[in-house]
Amino acid sequence: MAQKFRTSLLQKVKAHEGAITTMCLGQRSVFATGGEDLMLTLWSVGKQTPPAVLGPLQSPATACVFSVTENEICYGNRGGTVQLFDLVNSKPIINWTSHPSAVNCITYNPTEKSSKTFLSCGNDGSIRLLSTSSRKPVQIIKAHDGPVNCISYSP
């Protein structure tokens, strides 16, 4: 017998002009959406007005992830750039030219107390280790002939 799940609408917002290209959830109270309009919009759960909007970006955001503290967001775009952004002080921390084309997924090392190292993957078939101590990828792993769409750290 199939199990039935009940769903309910928590929040409905008009996020972007055009298509939404990425979305991520924080661990407590925030979420972010990126769109064709070159904006990355940060939302507080339950609020209709975003507390912050980043942009216009160089190209649409295609991946994003919040730090555990929700004080930083790391996002990648169609052009292959990854940026770590300080939400408390409203300023970029570091940019990486990570991939030659779209970034498909970003994740941070969950064993670190502050966000220092990240993995990104992209349409180029590679996984890249990024560190706030270097403006270039620390390591590049050619993982597949086709796109790598998702990655994860194992604590």
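**Exercise 1.** Determine whether E36 is buried, partly exposed or exposed, and find the salt bridge to which its side chain belongs.

*Solution.* Begin with the area: E36 has a relative accessible area of 35%, and the classes are buried for under 20%, exposed for over 50% and partly exposed in between, using a 1.4 Å probe and protein chains only. E36 is therefore partly exposed. This is a predicted model, in which local features need pLDDT of at least 70 and side-chain atom pairs count only at pLDDT 80 or more, while totals for chains, interfaces and linings use all residues. Residues are numbered from 1 along each chain as its sequence is written, and side-chain values use heavy atoms, with hydrogens and water left out.

Next, look for the partner, taking a salt bridge as a side-chain nitrogen of Lys or Arg within 4 Å of a carboxyl oxygen of Asp or Glu. The side chain of E36 meets that of R78 at 2.3 Å, N to O. The pair links distant parts of the chain, since E36 lies in the loop between β2 (30–35) and β3, and R78, 42 residues apart from it, in the loop between β6 (72–77) and β7 (81–86). R78 is also partly exposed, because its relative accessible area is 38%.

**Exercise 2.** Count the salt bridges, and decide whether R128 and D124 are buried or exposed.

*Solution.* The rule given above yields two salt bridges. One of them joins R128 to D124, with the closest N and O atoms 3.0 Å apart, and both of these residues are buried.

**Exercise 3.** Place T41 in its strand, and describe the sheet that holds β3.

*Solution.* T41 belongs to strand β3 (residues 40–44), where strands are DSSP runs of E with at least two residues, numbered from the N terminus. With a relative accessible area of 4%, T41 is buried. Counting as contacts heavy atoms within 4.5 Å, and leaving aside residues up to four places away in sequence, T41 touches A15, H16, F31, A32, T33, P50, A52 and V53.

The open sheet has four strands in the order β1-β2-β3-β4, with antiparallel pairing; two strands pair if DSSP finds at least two bridges between them. At the edges stand β1 (20–25) and β4 (52–54), each with a single partner strand, so one side of each has no neighbour in the sheet. Finally, β3 and β4 run antiparallel and are joined by three bridges, and L40 stands opposite L54 in β4.
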